[in-house]
Amino acid sequence: MENKKKFIPRSELMKNKDPNNLREKVRKFIPIDGKDALKTDAEMTEFILDNCEIRFTDTNTFFCTTDLMKDNYPQYFEVLQPRFKYEFEDFADEHYHDLINTKTLEMRFDFGHTCPNWKDVITLGFVGLRDRVEKAARNAGDDAEKKRFFDAALLQYNAAERFIARAAKEAEKAGKREIAKGLSNLLVSAPKNLFEGFQMLLLFHFLQHFGEQTWIRTFGRIDSLLYPLYDASGKDEARRLINAFIEEINGHGMSENQPFALGGSDGNGNDLINDLSYMFIDEYKKIKPPYVKIHIICTKKTPGDFLKSALDGIRNGANSICFFGDDILKRSLLRLGIDEKDTVDYHIDGCYECGGYGELTSPATGRISIAKAIELALNDGKDTFTGCQLGLPVENTPETFEEFYAEFLRQLEYIAESAKKYIGGMEQKYPRLHAGPFFTSTFAESVEKGVDIFAGFGAKYNNTSICGIGLATAIDSLMAVKKLVYDDKTLSFDELSELMRNNWAGRENLRLTVKNKFPKYGMGDAAVDAYAAKLVEELAGMINAVPNAKGGVYRLGLHSITVRWIMGKALGATPDGRLAGESTSLNTGASFGADREGALGHILSVTTLDATYAPNSVTLDLDLHSSAVKGENGLEAMYATLCTYLGRDGFSVHYNVLDTEALRAAQKKPEDYPNLQVRVCGWNYLFANLAREAQDEYIMRSERE
């Protein structure tokens with residue numbers, strides 16, 4: 001039976017301001033004490049854990065609810081943003097502000113995409129993690145810097161112990177005896193059964209995500225993590241616990257969705273799908289949670305019935321599921337320089353971003369507009385809207401397409417170099433911005449070094465990701481320039497430049513011809529796709545393995561999330577027929593309306609790219625109409641697209657099954673469709689909470705299918 005919830009507009013969900021609550025009180029920790037954030041943030045975590053409200057509701061099966069969980073956003077927005085604003089001023093010059101204001105690039109401190117070492121969290125438990133820190137502290141001797149870290153970590157662990165004991169007492173008072181017993185057990189030992197395993201996951205999630213304010217963006221490969229605690233004789237109990245766990249994390253209300261992964265392979269190539277994997281899919285399909293998503297890691301041996309069950313969930317509304325190719329993810333990490341043994345137990349956090357064991361990927365640190373380089377190449381390096389000199393002056397009018405392509409790459413590299421320059425300046429400030437002793441304590445190597453992952457760059461791989469936005473917009477524009485100016489000579493270079501500055505004014509017929517008739521990326525056109533593959537390789541050379549300011553390297557990603565709308569609004573008209581201000585292309589797929597050859601053509605184009613050049617993600621969005629996926633034949637058709645994509649070394653893919661009539665009805669009367677979800681990027685979103693512009697886009701996409 002479908003889980004019905006009352007429709008609440010997002011504007012109402014965000015009205016949680018209360019000057020007397022903990023969120024406001026924690027603002028006193030905005031100043032930094034000492035030379036880095038260790039002492040201040042540890043004291044802030046202690047304050048939060050000692051003072052947060054603890055309560056229990058009917059939906060609490062494993063853990064409590066606190067006043068920190070109202071909208072699932074930790075306090076670091078209140079605390080870290082003022083720190084960042086103060087610290088970044090000395091590396092932000094006028095050019096930086098021009099690049100940011102024109103949305104040529106975006107950057108931010110990224111303490112919000114982490115995957116703790118869940119294997120140690122489950123096998124060691126709270127007490128084991130604390131013991132490891134205490135042992136390392138005793139062995140640190142007189143090393144002052146290590147002592148700073150261990151003092152901060154133990155301050156947090158002592159506060160956590162008090163919090164757990166307090167929560168256990170409150171649970172007993174509330175009649176939640178199973179929760180109370182489990183919490184008391186976790187104070188003295190690692191989890192011993194499936195219930196305590198789920199409880200340990202939620203407990204540590206709370207300590208790191210809300211207490212320490214280092215966001216956790218995945219619960220890891222949850223089926224493999226918990227399988228050693230599973231008793232096959234208690235399948236019904238396991239289903240009950242899985243159902244309750246999904247409901248409990250869905251109750252956090254994370255708008256970007258809280259993920260966990262299923263499947264994958266071990267070091268010997270064995271597929272890891274097990275009984276729990278099937279149960280997770282089954283219970284997910286029953287609940288259709290709007291704030292939980294699943295990463296399914298596919299090997300050549302992943303059972304077909306398991307994948308079909310997930311696809312069946314997608315076509316019936318449980319659609320926040322993304323599929324990943326196990327082998328290609330590992331090879332992308334190897335190409336980046338991750339040790340082979342660290343690619344076995346890689347993680348996927350956030351939307352699609354994969355990282356090796358011990359790797360801090362910082363996948364949302366930088367984003368650059370690939371399509372902006374087209375505008376700069378056509379407009380003497382200047383922004384169309386403001387006229388400011390964003391890029392390099394164009395020295396000579398390109399006489400051939402090869403010269404124009406080289407100019408485009410020159411502008412793109414300048415954008416990439418600017419991004420690395422400013423990200424480097426920002427990352428040098430990390431020790432004064434944030435510390436993460438709880439997160440750090442889950443990695444034995446970092447604890448042995450006695451160095452915080454954020455405040456001291458203590459991860460094994462301290463890497464930084466930069467995502468390129470608008471790949472298809474750029475490719476289609478390049479192909480249009482080639483045809484209009486150099487092949488057909490419909491326009492001169494100067495005429496095209498002027499037409500773009502004037503937003504196609506007076507040439508609407510030509511614009512529609514370009515938009516609807518010219519070859520596009522996403523149609524399976526070999527010539528177009530070859531340029532796309534070449535561009536990805538060129539961009540990877542500008543970013544991948546280049547040293548960053550943290551002792552690690554940069555890594556490329558090609559997913560756009562909602563930034564495609566933001567960057568599109570600041571981008572002038574482009575030669576692919578796109579008007580000024582319109583969104584750029586989504587993720588690594590075709591521009592909207594360009595996938596005219598259907599799913600197969602779209603798949604052929606995207607899998608022409610060598611995904612090992614983009615370890616931070618190469619992602620395809622497949623839109624299918626609900627009428628095309630009905631019945632057994634419809635399910636087999638979905639499965640065929642998935643097998644084709646993965647068989648061609650596809651990195652990641654997710655589906656939007658759209659119904660035009662349902663979307664139009666939901667737009668008119670959202671209260672009648674409180675659970676209708678669409679795939680926005682790496683997460684699902686309640687359709688009723690989308691802006692009207694975004695709703696219209698999904699309706700148009702559904703009409704095309």
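1. A good place to start in this predicted model is phenylalanine 198, which is buried, with a relative accessible area of 1%. Its partner in an aromatic pair is phenylalanine 280, which counts as buried at 0% relative accessibility. The two rings sit edge-to-face, 6.3 Å centre to centre with 65° between the planes. The pair links distant parts of the chain, 82 residues apart: phenylalanine 198 belongs to helix H9 (residues 194-212) and phenylalanine 280 to helix H12 (residues 275-287).

2. Helix H12 also contributes tyrosine 278, which pairs with phenylalanine 306 of helix H13 (residues 304-315), 28 residues apart. This pair is edge-to-face too, at 5.3 Å between centres and 75° between planes. Here the partners are unlike in burial: tyrosine 278 is partly exposed at 28% relative accessible area, whereas phenylalanine 306 is buried at 0%.

3. For the wider picture, the structure holds 33 aromatic pairs. Do look at the aromatic cluster that includes Phe198 and Phe280, along with Phe62, Trp118, Tyr157 and Phe438 among others.

4. Which way do H17 and H20 run relative to each other? Helix H17 (residues 401-427) packs against helix H20 (residues 471-487) at an angle of about 150°, with the axes 10 Å apart. That makes the two roughly antiparallel, and their crossing is right-handed.

5. The residues behind this packing are worth a look as well. From H17, Phe401, Phe404, Tyr405 and Phe408 meet a set in H20 that includes Leu478, Met479, Lys482 and Tyr486. By class, the contact has 9 nonpolar, no polar and 1 charged residues.

Methods: Residues numbered from 1 in each chain as written. Predicted model: local features only at pLDDT ≥ 70, side-chain atom pairs only at ≥ 80, totals over all residues. Heavy atoms only, no water. Axes fitted to C-alpha atoms, helices over the stretch in contact; angles between N-to-C directions. Helix = DSSP H or I, 4+ residues; strand = E, 2+ residues; numbered from the N terminus. Parallel < 35°, antiparallel > 145°, perpendicular 65-115°, else oblique. Left-handed = near helix turned anticlockwise from the far one by under 90°. Contact = heavy atoms within 4.5 Å. Nonpolar A, V, L, I, M, F, W, Y, C, P; charged D, E, K, R; others polar. Phe/Tyr/Trp six-rings, centres within 6.5 Å; stacked < 30°, edge-to-face > 60°. Buried < 20%, exposed > 50% of the residue type's maximum accessible area, 1.4 Å probe, protein only.
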